[in-house]
Amino acid sequence: MSALTVGPGPGHGQHWDDLVRIWEETDAPEGCKVEIIEGIVTVSPPPSKDHNTTAALLQRRLYTVIPEDWEIYQTLGVSVPGRAGLYIPDLVVLPRAVASGPGNRVPAEEVRLVVEITSPANANHDRIGKAHGYAKAGIELFLLLDPWHTGRPTATLYGEPSDGTYRLLEAVEYGETLTLPKPFGLDLDTGVLPAG
């Protein structure tokens, strides 16, 4: 099943608040992910078991290295209004205080690490649209876990965002080790991640 696009209403140039209202009011089946990607409200099917296992395995490892006052979230919205985006990353790491209180989204500039795990339905959004959105928002590190990469599953770490573009810090095929720099300082064995 591929992502379903929900039109944003009156047309091009939709005001950000109107897009967020449509996002909040979109009635999707339980488990589906509703996001705003490049000004369009999209609905993606629930992730696969392997996708969820990948998120859980990475989350377990991240908890061993993050500061005590940080948390890891799987369903938290990240506002990227400069790219007409409101993304729901597979994992987002940020200080707990930022994610406390009412609401269901945080500003992208508060995020320390964002992780996307591709699915057949969303691979291009994760590889292109969201990568540009996260870079434009200045998110320090973006980890793309891509079991659907042509050829072999790949883990790619981006960082040092500048002018809406990331620098490629490291790319490895599943089975190799990828290093998340400080403040994480984590050597991630990608061989434990499901490949598909």
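**Strands, a helix and confidence**

Me: Which residue of β14 is the bridge partner of Leu178?

Reply: In β14, Leu188 is the bridge partner of Leu178. This is a predicted model, in which local features need pLDDT of at least 70, side-chain atom pairs count only at pLDDT 80 or more, and totals for chains, interfaces and linings use all residues. Residues are numbered from 1 along each chain as its sequence is written, and side-chain values use heavy atoms, with hydrogens and water left out.

Me: What makes β13 and β14 a pair?

Reply: Strands (E, at least two residues) and helices (H or I, at least four) are DSSP runs numbered from the N terminus. Two strands pair if DSSP finds at least two bridges between them. β13 (residues 177–180) and β14 (residues 186–189) run antiparallel and have 4 bridges, so the pairing criterion is met.

Me: What is found in the hairpin between these strands?

Reply: There are 5 residues between β13 and β14, and Gly185 has a positive phi near 60°. Pro183 also sits in this loop, and the peptide bond from Lys182 to Pro183 is cis, with omega near 15°. Most peptide bonds are trans, and most residues other than glycine have a negative phi.

Me: Which non-glycine residue between β11 and β12 has a positive phi?

Reply: Asp163, in the loop between β11 and β12 (165–173), has a positive phi of about 50°.

Me: Why is Thr190 called buried?

Reply: Buried means under 20% relative accessible area, exposed over 50%, and partly exposed in between (1.4 Å probe, protein chains only). Thr190, in the segment after β14, has a relative accessible area of 0%, so it is buried. By contrast, Asp163 has 80% relative accessibility and therefore counts as exposed.

Me: How do you know that the side chain of Thr190 makes a polar contact?

Reply: A polar contact is a pair of N or O atoms within 3.5 Å; within protein, one must be able to donate a hydrogen and the other to accept it, and residues adjacent in sequence count only if both atoms are side-chain atoms. The side chain of Thr190 reaches the backbone oxygen of Glu176 at 2.5 Å. Another such contact, of 2.6 Å, joins the side chains of Glu116 and Tyr134. Glu116 is in strand β9 and counts as buried because its relative accessibility is 0%.

Me: How do you know that the span of α2 agrees with its length?

Reply: The expected span of a helix is 1.5 Å times one less than its number of residues. For the 14 residues of α2 (residues 49–62) that gives 20 Å, and the end C-alpha atoms are 20 Å apart, so the values agree.

Me: Which residues of α2 are buried, and where do they lie around the axis?

Reply: His51, Thr54, Ala55, Leu58, Gln59 and Leu62 are buried. They fall within an arc of 130°, so they line one face of the helix; the arc is that of the directions from the helix axis to the C-beta atoms. The face turned away from the buried side carries the exposed residues Lys49 and Arg60.

Me: What is the confidence in this chain?

Reply: pLDDT is the predictor's confidence in each residue, from 0 to 100. The chain mean is 85, and 92% of its residues reach 70 or more. Over residues 1–14 the pLDDT is below 50, and this stretch has 23 contacts in the model beyond near neighbours in sequence, where contact means heavy atoms within 4.5 Å. Where pLDDT is low, the predicted coordinates should not be read in detail.
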